[in-house]
Amino acid sequence: MNQSIGYLLCVLALGGMVSGCDKPPPPAATVAAPAATAPAPVAVAPARFAPPAESDIPENEFGEAVLLGKNIFVNTQQYAKDFVGNGMNCANCHLDNGRKADSAPLWAAYVLYPAYRQKTGQIDTIQSRIQGCFLYSMNGKPPALDSKEMTALVTYHYWLAKGAPTGVKMPGQGYLKVAKPAQKPDVARGRAVYENNCAICHGANGEGIQARGEYAFPPLWGNDSFNWGAGMHRVDTAAGFIQANMPYGLGGTLSDQEAWDVALFMNSHERPQDPRFSGSLAQTRDQHHEENCLYGRTPEELAAALEKQAKTATAAEKTKPAAEQLEGISPAISH
Amino acid sequence: MRSTTRLIFMGTMVMAASIAAAAPPAIVTQGKGAAIACASCHGVDGAGNAQAGFPVLAQLPPAHFAKQIADFKAGTRANPVMSPIAMAMSAEDIEASARHYAGQARPKAAAAPADPAVIARGKQLAINGAWDRDVPPCFKCHAVDGLGVAPAFPPIAGQHAAYTVSQLQAWKTGARTNDPQTLMKTVAEKLTDDEIRAVADYLATIGTPGEGK
């Protein structure tokens, strides 16, 4: 019974472009079928999109919903506390209140749904995608599709995406992909990167720092952080977020190697269980965590796997065109 | 008998009062040698002086306070008035003054200056930053109320505008270099002089919870 509820939650609640570490799809089974039926590549917009200014939120009923959505997004702890099971706020990973490019901006996400997602094995709407954030990144209980909170969040997404082309993967969408580093990622090197760059805000033990009873800086691991199903537990996703955005104001200063090392270090710590946990670590790992994360495997095992993968990929990547975004398929197909 | 009891009672009250509000340490009120009394510029209550640009010290995290004195000693932070004072302070002086000022209440925030457009601009920067130029909001690191995140991020709400301007300018020009990980230099060098003025004016008008806004 519990298992079936867990399964139902998993199917209903998704995670997403940035959350989860599911197996990649079986080798191009569905998308690379006969050429005639393959979906067309989605156009990539040329210029960086600019969402409307906050001062342009209209003063009417619609504007009130936008504002509530923004408040939930920025201070999830207060405005959606019934649905949050850790110390995080949405804006911790979506900087500038969901506006910042390369920080999984909402304007870029909104226009890519509905989409089929490998993680959930179904067509997800933006609502069900947001539910995934609550289940995994917020380690909580997703708000209902027709709840006040969900309506406000979707309204905020919609407003930020004003004028954005529907169905187009825009520059700045999701998180950056950081090239595989020269040396295999290393926890000890990552610890040094952490101590020199991150500990001042996130604490010596990744516990975050509180001021006057609230997290001023979010916890990166431990019980109050995102769980083992969240996108940020993937080493590649975390490396992409960190390199583009961390520390504040100093995005782009860590090398590829440092970003991978520190992401590996961060994600080598314990955090809340994957809600899809079946009772068996090995089974849950094999079912949902094929690569790029430390769920049920040691840093050494992961580093070795990444190295092997990088070696075999280099040759193949040279002959193969870059992966294109396919219409109706989440760009985070391997998450 | 009765008067003796009263005397004992009064004596106990005086002792209790002096324990509750421990007398300020000598370094704060009297100074020591070349180290003139902290209070002569910053006040016993740590309210500083708005006109002179002497900063508010009340509720500075002790570790942050001690680091600043150490940096004045080491020369990584320089000020013609403070540097010689810091040089003359012992470890005990630093510890005592840091503890004293950490325990003082933040002063009441300044009244908002005349130009609401400047305040609005400063508020926008403090709350939302300018991420398109990689300028994070002040409140991302100094807490949503601007009252700081111990140990490394001091309170900035209610700080005197002249002082905030002088420090942001010092980071911008490279005159001050003791910020951890160049976090403040990174921000300050991306701000225009007008923005520095606006954000300092705004921060001066907000303060202890319930005041300003």
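pLDDT is the predictor's confidence in each residue, from 0 to 100. Keep that in mind, since this is a predicted model.

**Exercise 1. Find out how far to trust chain B and the complex.**

Step 1: start with the whole chain. Chain B has a mean pLDDT of 88, with 87% of its residues at 70 or more.

Step 2: go element by element. Which helix of chain B has the lowest mean pLDDT, and which the highest? The lowest is helix α1 (residues 2–20) of chain B, at 47, and the highest is helix α10 (residues 183–188) of chain B, at 98.

Step 3: look at the start of the chain. Residues 1–5 of chain B stay under 50, and the model gives them zero contacts beyond four places in sequence. Residues 9–20 of chain B also stay under 50, with one such contact.

Step 4: check the scores for the complex. The predictor gives an ipTM of 0.86 and a pTM of 0.85.

**Exercise 2. Describe where the chains touch, then where the domains of chain B touch.**

Step 1: count the residues between chains. On chain A, 16 residues are in contact with 16 residues of chain B.

Step 2: find the elements involved. On the chain A side, α4 (95–98), β3 (209–211) and β4 (214–217) each supply at least two residues.

Step 3: sort that side of chain A by class. You get nine nonpolar, three polar and four charged residues.

Step 4: turn to chain B, which is divided into domain 1 (2–102) and domain 2 (116–205). Here 13 residues of domain 1 of chain B are in contact with 15 residues of domain 2 of chain B. The domain 1 side has six nonpolar, five polar and two charged residues.

**Exercise 3. Work out how two helix pairs in chain B pack.**

Step 1: pick your descriptors. Two packed helices are described by the angle between their axes and the distance between the axes.

Step 2: take helix α4 (residues 62–74) of chain B and helix α6 (residues 91–102) of chain B. Their axes come within 9 Å and cross at roughly 135°. That angle makes α4(B) oblique to α6(B), and the crossing is right-handed.

Step 3: list the residues that meet. From α4(B) come P62(B), F65(B), A66(B) and I69(B), and they meet I94(B), A98(B), R99(B), Y101(B) and A102(B) of α6(B). By class, that contact has eight nonpolar residues, no polar ones and one charged.

Step 4: do it again for α9(B) and helix α11 (residues 193–205) of chain B. These pack at about 145° with axes 8 Å apart, again in a right-handed crossing. Residues of α9(B) in this contact include V165(B) and L168(B), while those of α11(B) include I196(B) and L203(B). The contact of α9(B) with α11(B) has seven nonpolar, two polar and two charged residues.

**Exercise 4. Locate the backbone oddities.**

Step 1: recall the usual case. Most residues other than glycine have a negative phi, and most peptide bonds are trans.

Step 2: look for cis bonds. Which residues does a cis peptide bond join in chain A? M246(A) and P247(A), with omega about -20°. P247(A) is in the loop between α10 (235–245) and α11 (256–266) of chain A.

Step 3: do likewise in chain B. A150(B) and P151(B) are joined by a cis peptide bond, with omega about 5°. P151(B) is in the loop between α8 (138–142) and α9 (161–173) of chain B.

Step 4: check phi. Q59(B) is not a glycine, yet its phi is positive, about 70°. You'll find Q59(B) in the loop between α3 (39–42) and α4 of chain B.

Key:
Residues numbered from 1 in each chain as written. Chains lettered and ligands numbered in written order. Predicted model: local features only at pLDDT ≥ 70, side-chain atom pairs only at ≥ 80, totals over all residues. Contact = placed C-beta atoms within 7 Å. Helix = DSSP H or I, 4+ residues; strand = E, 2+ residues; numbered from the N terminus. Nonpolar A, V, L, I, M, F, W, Y, C, P; charged D, E, K, R; others polar. Domains from an automatic or database assignment. Axes fitted to C-alpha atoms, helices over the stretch in contact; angles between N-to-C directions. Parallel < 35°, antiparallel > 145°, perpendicular 65-115°, else oblique. Left-handed = near helix turned anticlockwise from the far one by under 90°.
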